[in-house]
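Colleague: I would like to go through the labels in this model with you. Tell me what each one rests on.

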Amino acid sequence: MADIKKLSDEELIFKFQKGDESAYNEIVERYKNKLLNHIFYYMKDREWAEDIVQDTFVRVYLNKDKYKEIAKVSTWIYTIAINLAKTALSRNGKMNAFSITGKDGENDYEIKDKHTTTDGEVLKNELSDVIMSSIDELEEKFREIVMLRDVDEMSYEEIAALLKIPTGTVKSRLNRARLNLRDALSEYIK
Amino acid sequence: MAKCGKIEEMIINGDLEIDLAVETNDTVSVHLAECSDCRMFVESLRKISSEIKNIDRIKVSAGFDHALKIKLEAAKPESSSQEIKTVPFFTRMVYYAAGVAAVMIGFMYVSSLGVFDNKKGNDMITAPVTFTVASNTDKTKTVTTDSLENLRENVANDEELRMKVNTGE
Ligand SMILES: [Zn+2]
């Protein structure tokens, strides 16, 4: 039990494929908060995001044998989660390129969501707040890259595999995204 | 005030990766040492990156694991087969009896159609059979009967038919 923490994600999945449920539980532990953060920025609703994350783990459980060594576990799990999030958003008619914060700034959907303004999840300072809303206003392809790189701390290769784009495109989009953010934040960052 | 945009240009063109330590690139480090515009530019990009990384992370709620467990139980394919295993003995017997009864009723129905009777080797015909025999008035005569016994009787009572059958026509 003690060394299960030392196993790689891939080793855990192989263990789970052989029927070891504790390996599955460890995968859930490793990914639940990461996934929640990622999906939350899409859904802007804490409960909804948790729902998506749970459904993701259910799929991981049921489809464990479909995982093949060719992909990283993180890529596989994020793909499931993102697809579930996109489906849920489009079913609710909110698939507006994942952007919840409207271009005009005012958005009652944001205000309605009490989860973001209670229990210690308030963005700490004004700068964080401004950065998040600037990320929200990026084009989806840029926002996604920034989220995966800076929030989920994925490598270029992982992002490329997840989004099915060349590594070079990941880099250039990330550059472009950061430059856009810098323009948006020029008065806050000297 | 024309600001220097050399590094920015390199980044836009993809010649330089923001994430890499720009100091490892000789051309860049030489330029940065002498250009405050570009130094500030690189610094601001790094600050954005680190601010994004420092944004408060949320954590799953206390009920997350429990809710996941319930969803898993509902979705597991094993859960349905386990249910069958725990069906009480008496209920299982009722299922078996119903199954046996259904098979028997089915057999009785099929045998009532006469499917199995031909194997008995006697000359009983339970389903109606039509025989067509040519009559001496150049017309055909049709006799419908349900057994060979009745056919013989029909032929015996019918003068025309008896003649035809006896002459072998
Ligand atoms: Zn310069």
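**Labels and what they rest on**

Modeller: Start with helix 9 (residues 167–184) of chain A. Its 18 residues should span 26 Å at 1.5 Å a residue, and its end C-alpha atoms are 26 Å apart, so the two agree. Keep in mind that this is a predicted model.

Colleague: Which residues of helix 9 of chain A are buried?

Modeller: Val170(A), Leu174(A), Asn175(A), Ala177(A), Arg178(A), Leu179(A), Leu181(A) and Arg182(A) are buried.

Colleague: Now the zinc ion. What makes its site tetrahedral?

Modeller: Four donors count as tetrahedral if all angles lie between 85 and 135 degrees. Here the angles among the four donor atoms are 105 to 113 degrees, and the site is tetrahedral.

Colleague: How do you know which atoms are the protein donors of the zinc ion?

Modeller: By distance. The cut-off for this metal is 2.8 Å. Cys4(B) (SG), His31(B) (NE2), Cys35(B) (SG) and Cys38(B) (SG) lie 2.0 to 2.3 Å from the ion. Their spacing in sequence is C-x26-H-x3-C-x2-C. Cys4(B) sits in the segment before helix 1 (6–12) of chain B, and His31(B) in helix 2 (residues 26–34) of chain B; this pair links distant parts of the chain, 27 residues apart.

Colleague: Why is His31(B) called buried, and why is Cys4(B) called partly exposed?

Modeller: Buried means under 20% relative accessible area, and exposed means over 50%. His31(B) has 12%, so it counts as buried. Cys4(B) has 29%, so it counts as partly exposed.

Colleague: What makes Lys32(A) and Asp65(B) a salt bridge?

Modeller: The side-chain nitrogen must be within 4 Å of a carboxyl oxygen. The closest N and O atoms of Lys32(A) and Asp65(B) are 3.2 Å apart, and the pair forms a salt bridge. Lys32(A) lies in helix 2 of chain A and Asp65(B) in helix 4 of chain B, so the pair joins two chains. Lys32(A) is buried at 8%, while Asp65(B) is partly exposed at 39%.

Colleague: How do you know that the buried residues of helix 4 of chain B line one face?

Modeller: The buried residues are Phe64(B), Leu68(B) and Leu72(B). Seen down the helix axis, they fall within an arc of 65 degrees, so they line one face. They pack against helix 2 (21–43) and helix 3 (46–62) of chain A. The face turned away from this buried side carries the exposed residues His66(B), Lys69(B) and Ala74(B).

Colleague: Which parts of chain A does the salt bridge of Asp136(A) and Lys44(A) tie together?

Modeller: The two side chains meet at 3.3 Å, N to O. Asp136(A) lies in helix 6 (residues 126–137) and Lys44(A) in the loop between helix 2 and helix 3, so the pair ties together parts 92 residues apart in sequence. Asp136(A) has 5% relative accessibility, so it counts as buried. Lys44(A) has 8%, so it counts as buried.

Colleague: What about Lys53(B) and Asp150(A): what separation do their closest N and O atoms have?

Modeller: They are 3.6 Å apart, and the pair forms a salt bridge. Lys53(B) lies in helix 3 (residues 36–54) of chain B and Asp150(A) in helix 7 of chain A, so the pair joins two chains. Lys53(B) is partly exposed at 34%. Asp150(A) is buried at 0%.

Terms used. Residues numbered from 1 in each chain as written. Chains lettered and ligands numbered in written order. Predicted model: local features only at pLDDT ≥ 70, side-chain atom pairs only at ≥ 80, totals over all residues. Heavy atoms only, no water. Buried < 20%, exposed > 50% of the residue type's maximum accessible area, 1.4 Å probe, protein only. Helix = DSSP H or I, 4+ residues; strand = E, 2+ residues; numbered from the N terminus. Arc of directions from axis to C-beta. Contact = heavy atoms within 4.5 Å. Donors = N, O, S within 2.8 Å, 3.2 Å for Na, K, Ca; no water. Tetrahedral: all angles 85-135°; square planar, octahedral: opposite > 155°, others 65-115°. Expected span 1.5 Å × (residues − 1).
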